[in-house]
Amino acid sequence: MTDAADPLVPPLVSPVASHNEWDPLEEIIVGRLDGATIPSGHPVVACNLPPWAARLQRLTAGFRYPRMLIEQAQHELDQFVALLQSLGVTVRRPDAVDHRRRFGTPDWSSRGFCNSCPRDSMLVIGDEIIETPMAWPCRYFETHSYRTILKDYFRRGARWTAAPKPQLTDALYEADFRAARAGEPVRRILTEFEPVFDAADFVRAGRDLFVMRSNVTNRMGIDWLRRHLGSGYRIHEIESSCSRPMHIDTTLLPLAPGKVLINPEYIDVDRLPAVLRSWDVLVAPEPSPVKEPLLKLTTMCGKWLSMNVLMIDEKRVVAERHHTAMLRALEGWGFEPVPCDLMHYAPFGGSFHCATLDVRRRGTLESYFPRS
């Protein structure tokens, strides 16, 4: 056997290296739609939907998504992958999984969902990939479909961590929960029973991360990550007025050093973390309306998916072709939009940022804000 500490053996160079949302993109994981299943009717799923949509979701939970939805989204996803490859980005994909298979723990059982959004279940911090403790039971084993990739990265030198697997018992969820109405303080379904978080509630700017507490991320989850990362990083909480908060990347998204995109419906600029006061705050324009009735009925995401863009580097940004006002705004802010279609991916959880996990960007760990 070869001694890993042998000075004659060159050290491994991790294939995972990503510190922010904008360094030049070299390698990315893109989600997959194979086997996609309508998620379970659990309250933590339903609380993110309008009441009429939650009733529809409960009636169809555990069934395959309609072929029409899959085919339209798959066509756009294939085009997106081809675009990334044409830009010189290495694309990795998870294994195909039958998400209708039932699984469980001693406390509950569920069918799966899909592996359309690697951004939710894994968080990349430098050379480390962290599997997150997600609050949806139907997503409990979602990272298993990425294990082929994760084991390859680990063998080649990446750090691979899994946060504590949650129990997801009833104690984690507020009984008789209802979303806040207009004018009421934001409510969240999660208690502080145990740490849970989705990686998509965090965005990265070097040694500073921004997070939003939501219906899938609680304070214990934020505290777990803060302690895990240690004193070399700071985590700043964003206040959102969204009545159904879930995932920060349609609320706030750093696009480049000194530039942060915000949702004017959810964010009060005067209440942003102090460190962002030196940055240009780019206010997202009103999204173009979605006119397709089936798409409006089935999406799990709000209208602000227009913000769910993917930076190729500090200038180039992949954005939804349908949202022309956003494309014009990005140009006006000095970016180079790369229009692409992914609007029919919304029923499966998101758009360009949600559908991807940037694994390697060419850059180094920097501090973009003053350190006290």
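# A tour from strand 8 outward

Start by selecting strand 8, residues 202–205. Both of its faces are covered: F202 and R204 are buried on one side, V203 and A205 on the other. Keep in mind throughout that this is a predicted model.

**Stop 1: the hairpin**

Add strand 9, residues 208–211. Strand 8 and strand 9 pair in the antiparallel sense, over four bridges. Which residue of strand 9 is the bridge partner of A205? Select D208 and you have it. Now look at the turn. Two residues lie between the strands of this hairpin, and G206 in the turn has a positive phi of about 65°.

**Stop 2: aromatic pairs**

Colour Phe, Tyr and Trp. The structure holds 15 aromatic pairs. Select W22 and Y368. Their rings are edge-to-face, 5.1 Å centre to centre, with 80° between the planes. Where along the chain do W22 and Y368 lie? W22 is in the segment before strand 1 (25–30), and Y368 is in the segment after strand 17 (356–361). The two are 346 residues apart, so label both ends of the chain while you are here. W22 is buried, at 0% relative accessibility. Y368 is partly exposed, with a relative accessible area of 23%.

Next, select F197 and F202. Their ring centres are 5.6 Å apart and their planes stand at 75°, so this pair is edge-to-face. F197 and F202 are both buried. F202 also brings you back to strand 8.

Now widen the selection around W22. One aromatic cluster takes in W22, F210, W279, Y368 and F369.

**Stop 3: charges over rings**

Show the side chains of K165 and Y140. The charged end of K165 sits over the ring of Y140, 4.8 Å from the ring centre. Then go to K259 and F335. K259 lies over the face of F335, at 4.8 Å from the ring centre.

**Stop 4: the sheet of strands 11, 12 and 13**

K259 is a good handle for the next selection: strand 12 covers residues 259–262. Three strands form an open sheet here, in the order 11-12-13, with mixed pairing. Why does one side of strand 11 and of strand 13 lack a neighbour in the sheet? Strand 11 and strand 13 (280–283) stand at the edges, and each has a single partner strand. Neighbouring strands of this sheet are turned by 30° against each other on average, direction ignored.

Zoom in on strand 12 and strand 13. They pair in the parallel sense over four bridges. Pick V260 and look across: V281 in strand 13 stands opposite.

**Stop 5: the sheet of strands 5, 6 and 7**

Move to a second open sheet. Three strands make it up in the order 5-6-7, and the pairing is mixed. Strand 5 (122–125) and strand 7 (159–162) are at the edges. Each has a single partner strand, so one side of each is left without a neighbour in the sheet. The average turn between neighbouring strands of this sheet is 20°, direction ignored.

Select strand 6, residues 128–131. Four bridges join strand 6 to strand 7, and the two run parallel. Which residue of strand 7 is the bridge partner of I129? That partner is W160.

Now add helix 6, residues 219–229. Helix 6 lies across strand 5, strand 6 and strand 7. Its direction is at about 155° to strand 6.

**Stop 6: D249 and its contacts**

Select D249, in the loop between strand 10 (234–237) and strand 11 (252–256). Is D249 buried or exposed? At 1% relative accessibility, D249 is buried. Show its contacts, leaving out residues up to four places away in sequence: D249 touches R119, A200, M307, N308, H353 and C354. For a distance check, pick D152. The C-alpha atoms of D249 and D152 are separated by 28 Å, and the two residues are 97 apart along the chain.

**Stop 7: the cysteines**

C354, one of the residues that D249 touches, leads to the last selection. How many disulfides does the structure hold? Zero. Select C114 and C117. The closest cysteine sulfur to that of C114 is in C117, 6.5 Å away, which is too far for a bond. C114 is buried, at 0% relative accessibility.

Finish at C354. C354 is in no disulfide, and the nearest cysteine sulfur, that of C117, is 5.2 Å away. C354 is buried too, with a relative accessible area of 3%.

Conventions. Residues are numbered from 1 along each chain as its sequence is written. This is a predicted model: local features need pLDDT of at least 70, side-chain atom pairs count only at pLDDT 80 or more; totals for chains, interfaces and linings use all residues. Side-chain values use heavy atoms; hydrogens and water are left out. A disulfide is a pair of cysteine sulfur atoms within 2.5 Å. Buried means under 20% relative accessible area, exposed over 50%, partly exposed in between (1.4 Å probe, protein chains only). Contact means heavy atoms within 4.5 Å. Two strands pair if DSSP finds at least two bridges between them. Axes are lines fitted to C-alpha atoms, for helices over the stretch in contact, and angles run from 0 to 180 degrees between N-to-C directions. Rings of Phe, Tyr and Trp (its six-membered ring) pair if their centres lie within 6.5 Å; planes under 30 degrees apart count as stacked, over 60 as edge-to-face and the rest as tilted. A charge sits over a ring if NZ of Lys or CZ of Arg is within 6 Å of the ring centre and within 35 degrees of the ring normal.
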